[in-house]
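Colleague: I have a chain open on my screen and want a quick tour. Can you walk me through it?

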Amino acid sequence: MTPWLLSAPPSPSLVTCNATTAALRTPPAPSQSLSIPPNPNSTPSPPSLSLTPSPNPTPLPSTCALQCPHFQSCSGCTHEYNLHRPIILDEATHFFKKLGVSDFTFDSCRLWGWRCRAKLAVRGSSVSPLIGLYQEGTHNVVDIPDCKAHHPNINAAVELLKQGITELNVEPYDEDKGTGELRYVQMAVTTYNTSLPASERYRNGKVQVALVWNSRNENSHSSENLNALAHFLWRNGGRSRKVHLIHSVWANFQTSTNNIIFGNRWRHLLGERDFWEHVGGIDISLAPSSFGQANTRAFDTLLQKLHKYVPLGASVVDLYAGAGVIGLSLAATRKCRSVKCVEINKESKLSFEKTVERLPDSVDCSISWHHADTSIEPVSWLVGSDVVVVDPPRKGLDPSLVDTLWTIPSLDRKANSPERPCLKVKDEKRPWILRAREASVHIQSKTPQEESQSLPQSLIYISCGWESFKQDCMTLLSSKAWHLDKAHGFNFFPGTQRYCCIVCHMSFHGHTIIIVIWHLYTLMIV
Ligand SMILES: C[S@@+](CC[C@H](N)C(=O)[O-])C[C@H]1O[C@@H](n2cnc3c(N)ncnc32)[C@H](O)[C@@H]1O
């Protein structure tokens, strides 16, 4: 598996791109490129682009250009112009229109400096280290010190890291020989600092640095160099410095010769152990080993939109939940009765627990996190919830989950027949299913809850893989039980082919009017 690495340094600029539908139909030619002067003192506001006609349309700037010196050589970005308008936007608009959604909206979000989480390869030599992404189709690392997609402080931390490598004679990894010390670095920015005015928090983000070290553990002979490098970063960018850049330093140990970036062993070395961010109305904790969204601001915008599609007091199951950010944000903002999160990566558990600890006292919800594979007996996760949220990896939903969602109408009919054969979750005997269903974390609500055997009435599908989403969506629609109701796109990865997160919402009223069940399901893409 080739590691997915991305990055590029931003000079934040204040740019707003608003367009009417008509303006969007006539994209400007690249030669009309608009120069966007960097304005380091401004806080970039998310450019927004609405596909619904605006009463006071602002003229569309000729183009929002990347202006990155690494564009040709780096594989991170594939588009140099019209960052506010990814090339699949037309296709998406057309796709949704054909399916009856004519009011598809698209939020172009922050166009530069949006990446708050980057995994970068470290190669070259201690005298001349290269920190960046692989060149397309190769394992040659392209140094990208001025990446325009990166939060500016990621670039600053990379610069500091290079100084440390050179000063301390740290050997970058040599893939062919399997030698060297530093293989990769993950940089994650937290913009959570309540001591600063909200408008200053983003640009003053602090960087959590995770050094992927080529040794089995911290007892190896090279760990002296690892500690020296960590202390270098902390001494020059840590809390006591005038410019506080580094949040913390972690080590991950990896000796495998495959392309997997991280090994299983993590060590906190310096700085704050806990990494907090604020999105979707809650404080969230993210360990370096846990999945975290790269575009913090776009994720927050998406969550605000998503909240509107979840009824107050609903029971929610969050599949492919990571550290449960979506589910917990709903628990707090939609006063959910219950929230069940299902995630295959056990490393996310700790972050989930910490986030739960910081939920407001007013949250009265039965909350659980399960270390389990969604694809095994998916129906057992769906039973008892009104809303199912799915946020799968780029490859889309597991086929077994698609099958189950496809057959929900018949399952629900059976659930309402006297035999109720499929949904007797309580009678399950198979140990592996029972084990998976056991919650790794469970917080009881203060108010006693009745156990429900209902099936989800709503599906919210968040997607970062357009091709797999289209396929899943068409399969679900082919069941004739689902109707596409709403779609919203978010520019999560400006400059790349990937552009959004998609959320789908289905409603189910099978008991009452089975005959019109086709029209009772609603698929929303937020
Ligand atoms: C796109 S991430 C979404 C994470 C989370 N919703 C968030 O916003 O932070 C997809 C997640 O699905 C998890 N995953 C992948 N396959 C899975 C499976 N079969 N069952 C459960 N989780 C899975 C991954 O570990 C990853 O955390």
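What follows is a short chat about the model shown above.

Colleague: What kind of model is this?

Modeller: It is a predicted model. Every value below is computed from it.

Colleague: How many helices and strands does the protein chain have?

Modeller: The secondary structure comes to 14 helices and 19 strands.

Colleague: And what share of the residues is buried?

Modeller: Of the 526 residues, 51% count as buried.

Colleague: What about contacts between residues 24 or more positions apart?

Modeller: They make up 75% of the contacts with a separation of 6 or more.

Colleague: Which domains does the assignment give?

Modeller: Domain 1 covers 117-273 and domain 2 covers 288-524. In contact across the two are 10 residues of domain 1 and six residues of domain 2. On the domain 1 side, β5 and β6 each supply at least two of the touching residues.

Colleague: Let's do the open sheet. What is the strand order?

Modeller: It has seven strands in the order β4-β3-β2-β5-β6-β7-β8, and the pairing is mixed. The edge strands are β4 (141-143) and β8 (265-271), each pairing on one side only. From one strand to the next, the twist averages 35 degrees.

Colleague: How do β7 and β8 pair, parallel or antiparallel?

Modeller: Antiparallel, over six bridges. Strand β7 spans residues 246-253. Within that stretch, Trp-250 has His-268 of β8 as its bridge partner.

Colleague: Which helices lie across those strands?

Modeller: Two to look at. Helix α3 (residues 152-168) lies across β2, β3, β5, β6 and β7, and runs at about 145 degrees to β5. Helix α5 (residues 223-237) lies across β6, β7 and β8, at about 170 degrees to β7.

Colleague: Now the inside. Which residues touch the most other members of the largest nonpolar core?

Modeller: Val-185, Val-209 and Leu-211, in a core of 121 residues. Domain 1 and domain 2 both give residues to this core, so it lies between them.

Colleague: What is Val-209 in contact with?

Modeller: Leaving aside neighbours within four places in sequence, Val-209 contacts Ala-157, Val-185, Met-187, Leu-233, Ile-246 and Val-249. Apart from that core lies another, of nine residues. Ala-92, Phe-96, Val-101 and Phe-106 are among them.

Colleague: Ala-92 and Phe-96 are in α2, right? Which residues of that helix are buried?

Modeller: Right, α2 is residues 88-98, and its buried residues are Leu-89, Ala-92, Thr-93, Phe-95 and Phe-96. Seen down the axis of α2, the buried residues fall within an arc of 165 degrees, so they line one face of the helix. On the other side, Glu-91, His-94 and Lys-98 are exposed.

Colleague: What do the buried ones pack against?

Modeller: The buried residues of α2 pack against β1 (105-107), α13 (466-478), β17 (484-486) and β18 (488-490). Just after the helix, Gly-100 takes a positive phi of about 95 degrees.

Colleague: Compare that with α7. How many of its nine residues are buried?

Modeller: Eight, so to speak a mostly covered helix. The buried residues run through Val-325, Ile-326, Gly-327, Leu-328, Ser-329, Leu-330, Ala-331 and Ala-332. Just after α7, Lys-335 has a positive phi of about 45 degrees.

Colleague: Switching to β9. Which side chains point which way?

Modeller: In β9 (residues 276-279), Glu-277 and Val-279 point to one face and are buried. Trp-276 and His-278 point to the other face and are not buried. In a regular strand, side chains alternate between the two faces of the sheet.

Colleague: And its partner strand?

Modeller: β9 is joined to β10 (residues 282-285) by four bridges, and the two run antiparallel. Trp-276 stands opposite Ser-285. The hairpin has two residues between the strands, and in it Gly-280 takes a positive phi near 55 degrees.

Colleague: Does anything else sit by Ser-285? What does Lys-354 touch?

Modeller: Lys-354 touches Asp-274 and Ser-285, not counting residues up to four places away in sequence. The C-alpha atoms of Lys-354 and Ser-285 are separated by 6.1 Å, though the two are 69 residues apart along the chain. Lys-354 is found in helix α8 (residues 348-357).

Colleague: Why does Lys-354 count as partly exposed?

Modeller: Because Lys-354 has 19 C-beta neighbours inside 10 Å, and a residue needs 20 or more to be buried.

Technical notes: Residues numbered from 1 in each chain as written. Predicted model: local features only at pLDDT ≥ 70, side-chain atom pairs only at ≥ 80, totals over all residues. Buried ≥ 20, exposed ≤ 12 C-beta atoms within 10 Å, placed from the backbone. Pairing = 2+ DSSP bridges. Core = buried A, V, L, I, M, F, W, Y, C linked by C-beta atoms within 7 Å. Domains from an automatic or database assignment. Contact = placed C-beta atoms within 7 Å. Arc of directions from axis to C-beta. Axes fitted to C-alpha atoms, helices over the stretch in contact; angles between N-to-C directions.
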